[in-house]
Amino acid sequence: MRRLALKGFTLIELIMVIVIVGILATMTTDIITLPVKSYIDLERRTTLVDTAEMSLRRMQRDIRRALPNSIRVTGGTEIELIHTIDGGRYRAADGVAAGGLCDGGTGKNDTLEFDRNDDCFEFMGSLGAFDPQSVDGEFLVIYNTSTAEAYAGNNRVALVNSPSPGVIKFSSKNFSKLYDHSLQRFFIVDTPITYSCSDNELRRYDNSNDSSYTIGDSPTSPGKLQAKAATLSCAFSYDEGTATRRGLVTIEITLTDEAEESAKLIHQVHVDNVP
């Protein structure tokens, strides 16, 4: 009888195959998972940066439109300002150029009067964003400084609809002569804006939809969420500047997500405090 040939593999060969397959599987896993993990990490960091960047851009836009000398920082985590819609220059003196728009055509009451009650004045040039004939909760501010302070209201008055597009009409007000600026500047404002950073959230508050609100009141709106993270912290600071140097607002936001990825952004915004 012929002897049958035995075919198969030994235990050592089996172990070697298992080891080689394990090594190849580990290499393949690393090749696949590392790029995927890097992509996920990059996407997470990008989300954090985008969230902070959009918030900073919104704050920067509001700060640049702030009424001069109206920026206030509280505790390094809250910043408040009065939003400016428009501005211009009031007439310094009556004359043939005056249109008589406030007094029915005589041309003798088109200036802004100080140290006496007044309710109307003609402005020079034109306004871009504000329509004097369609007033909706706006205020007139004259010469805003630390001594003539819009939050307190001594240099601020509510506007009313004007009979002409060339004049500003407002509730009767006695402005002190101390507010008569050499450049005859006035500002049209609507509402204060507050950014508050707490409970790992950054929120923006304004009272533009509250008809009973008056500047100087605390915000009554629930606030709009600007940024949120597992951990979010802010640091606001304000350098008022000097007569020859503009003010500077520094905004710092740090966000950390659940995976402990962090992003920290810092913006600095120059502000003009010359009233």
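Which backbone oxygen lies 3.0 Å from a polar atom of the side chain of Ser162? The backbone oxygen of Val167 does. The model shown here is predicted.

## Ser162 and its loop

Ser162 sits in the loop between β5 and β6. Is Ser162 buried or exposed? Its relative accessible area is 6%, under the 20% cut-off, so Ser162 is buried.

Ser162 touches four residues, leaving aside those up to four places away in sequence: Pro132, Gln133, Val167 and Lys169. Val167 therefore appears twice around Ser162, once as a contact and once through its backbone oxygen.

## The strands around that loop

β5 covers residues 156–160. β5 and β6 make a hairpin, with six residues between the two strands. They run antiparallel and are joined by two bridges. Within this pairing, Leu159 stands opposite Phe170 in β6.

β6 also pairs with β3. β3 spans residues 117–124, and β6 spans residues 167–174. This pairing is antiparallel too, and it has five bridges. Phe121 has Ile168 of β6 as its bridge partner. So what does β6 pair with? It pairs with β3 and with β5.

## The chain as a whole

How many helices and strands does the protein chain have? It has one helix and 12 strands. The helix comes at the N-terminal end of the order, and the strands follow.

The chain has 275 residues, and 41% of them are buried. Take the contacts between residues at least 6 apart in sequence. Of these, 60% join residues at least 24 apart.

## Arg204 in β8

Arg204 belongs to strand β8, residues 201–206. Its relative accessible area is 7%, so Arg204 is buried.

Which side chains make polar contacts with that of Arg204? One is Asp62, at 2.9 Å. Another is Asp206, at 2.8 Å. Beyond four places in sequence, Arg204 touches Arg58, Asp62, Ile193, Thr194, Tyr195, Gly223, Lys224 and Gln226. Asp62 is thus among the residues touched and is also a polar partner of Arg204.

Arg204 also comes into range of a residue far back along the chain. Ser55 is 149 residues away in sequence, yet the two C-alpha atoms are separated by 9.6 Å.

## Glu78 in β2

Glu78 lies in strand β2. Its relative accessibility is 28%, which means that Glu78 counts as partly exposed.

Apart from residues up to four places away in sequence, Glu78 touches Arg72, Val73, Thr194, Tyr195, Ser196 and Phe236. Thr194 and Tyr195 are also among the residues that Arg204 touches. What separates Glu78 from Leu202? In sequence, 124 residues; in space, 9.4 Å from C-alpha to C-alpha.

## The second largest pocket

The second largest pocket holds about 230 Å³ of space. Its lining has 15 residues. Nearest its centre lie Arg64, Ala66, Pro68, Phe187 and Asp272. Four elements give two or more residues to the lining: α1 (11–64), β2 (78–90), β7 (185–198) and β12 (262–271).

Which element gives the largest share of the lining? It is β2, with three residues. By kind, the lining divides into seven nonpolar, two polar and six charged residues.

## Two loop residues with positive phi

Asn69 is found in the loop between α1 and β1, where β1 covers 72–74. Its phi is near 65°, a positive value in a residue other than glycine. At 29% relative accessible area, Asn69 is partly exposed.

Asp115 is found in the loop between β2 and β3. Its phi is near 60°, again positive in a residue other than glycine. Is Asp115 buried or exposed? Its relative accessibility is 51%, over the 50% cut-off, so Asp115 counts as exposed.

Note on methods: Residues are numbered from 1 along each chain as its sequence is written. This is a predicted model: local features need pLDDT of at least 70, side-chain atom pairs count only at pLDDT 80 or more; totals for chains, interfaces and linings use all residues. Side-chain values use heavy atoms; hydrogens and water are left out. Two strands pair if DSSP finds at least two bridges between them. On a 1 Å grid over the protein atoms alone, a cavity is a set of points where a 1.4 Å probe fits but cannot get out, and a pocket is an open set with protein on both sides within 12 Å along at least five of seven lines; lining residues have an atom within 4 Å of a point. Grid points are joined across faces, edges and corners, and a volume is the space filled by probe spheres set on the points. Ala, Val, Leu, Ile, Met, Phe, Trp, Tyr, Cys and Pro count as nonpolar, Asp, Glu, Lys and Arg as charged, and the others, Gly among them, as polar. Buried means under 20% relative accessible area, exposed over 50%, partly exposed in between (1.4 Å probe, protein chains only). Contact means heavy atoms within 4.5 Å. A polar contact is a pair of N or O atoms within 3.5 Å; within protein, one must be able to donate a hydrogen and the other to accept it, and residues adjacent in sequence count only if both atoms are side-chain atoms.
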